[in-house]
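Trainee: I should like to go through the binding site and a pocket of this model, with the criteria behind each term.

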Amino acid sequence: MEYKKILTGVKPTGDPHIGNLYGAILPAINMANKSDAESYIFIANIHALNGVKDPEFLRDKTYEVAATFLAFGLDINKTVFYRQSDIPEVFELTSIIMNYSPKGLMNRAHAYKAILERDGNDDNVNMGLYTYPILMAADILVMQSDIVPVGLDQKQHIEIARDIANSFNSVHKAQVLTLPTEFIEHQDSILGLDGRKMSKSYNNTIPLFTTEEDTKKRIMKIPTDSLLPTDKKNEDCLLYRLMKMFNVDTDYMQHFLDGGIGYGDAKKVLAETVNTYLRPYREKYNELMSDKSKIDEALAIGAKKARAVASKTLYDVKKTLGLV
Ligand code: TRP
């Protein structure tokens, strides 16, 4: 990839599950590890504030996200990995670019519009939510990001960031802020344990960092029909598709299709396969979470690198504006 800087942010909410792992976490880590570009991944904890008001929850979730990325192999020598709240330049730039962000642009933002349509007014929309796209633009622009990998639901936010940067540059007739481009990850949605897309709202997930017993319990509940162990099974059946997704032994899967194995046994094997796959990552994660100093250290290193880049942007911006 010919881009120079890749950046993405992750909100510290929710328990990461297999769907997040395959859909977002591993692609982000792989992109960072593979490409020659500079890579930035950060935890968007200020963005979380418009919903989260519980400090313990936010602190825990922030550590959980950090430990998840580190456990799955994020290399902090290749990726600048930091907490949004550690970079004051982001908030300085937010205030500045407010003046280049038309209210009409915010009115069109999907999240805001959805609430307006639901409630018929915006009286209960807090300004964190209303200006969410401006803070997100500051995240992106302060690092001079070229490319921002996100899910489709975030596309509009990157377009807004581009509009704001473009407006700033045009007013001042100078290329001060890099125009970012979204990179939409068209991930196939990951199959959940009930056959629908894996999603927390369907309660059909395999959480990454739960116990092996809980993982097994969830897998034992996969719905099946009333075929006998000796009946031939169809490749379309949910249990078979899940076995395939987790690379259960191919001979075993064939035997299952041929009518040599019952559903209960197959579920046990699937649970063991999933637990075996996750075991080393869970160990690493638990190790990080039991002594958070390694996480703190990693994030402090990231913050230092990120601030070096951000303060350069801010200096250029302030100079352009006559603030310094
Ligand atoms: N809004 C993004 C989400 O909800 C998270 C985010 C915040 C982000 N700042 C960002 C993503 C900057 C990419 C770039 O998923």
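Trainee: How many residues surround the ligand, and which are the closest?

Mentor: This is a predicted model, in which local features need pLDDT of at least 70, side-chain atom pairs count only at pLDDT 80 or more, and totals for chains, interfaces and linings use all residues. Residues are numbered from 1 along each chain as its sequence is written, and side-chain values use heavy atoms, with hydrogens and water left out. The ligand is surrounded by 14 residues, the closest being His-47, Tyr-132, Met-136, Asp-139 and Gln-154; a residue is near a molecule if one of its heavy atoms lies within 4 Å of it.

Trainee: What makes the approach of Tyr-132 to the ligand a polar contact?

Mentor: The definition asks for a pair of N or O atoms within 3.5 Å. An N or O atom in the side chain of Tyr-132 is 2.6 Å from a nitrogen atom of the ligand, so the pair qualifies. Polar side-chain atoms of Asp-139, at 2.8 Å, and of Gln-154, at 2.9 Å, also lie within that limit of a ligand nitrogen atom.

Trainee: Which element gives the most to the shell around the ligand?

Mentor: Helix H8 (132-142) does, with four residues; helices are DSSP runs of H or I with at least four residues.

Trainee: Why are Lys-284 and Asp-291 counted as charged in the lining of the second largest pocket?

Mentor: Asp, Glu, Lys and Arg count as charged, so both residues belong to that class. The lining as a whole divides into six nonpolar, no polar and five charged residues.

Key. 1 Å grid on protein atoms, 1.4 Å probe; cavity = no way out; pocket = protein on both sides within 12 Å on 5 of 7 lines; lining within 4 Å. Polar contact = N/O pair within 3.5 Å; in protein donor to acceptor, adjacent residues only side chain to side chain. Helix = DSSP H or I, 4+ residues; strand = E, 2+ residues; numbered from the N terminus.
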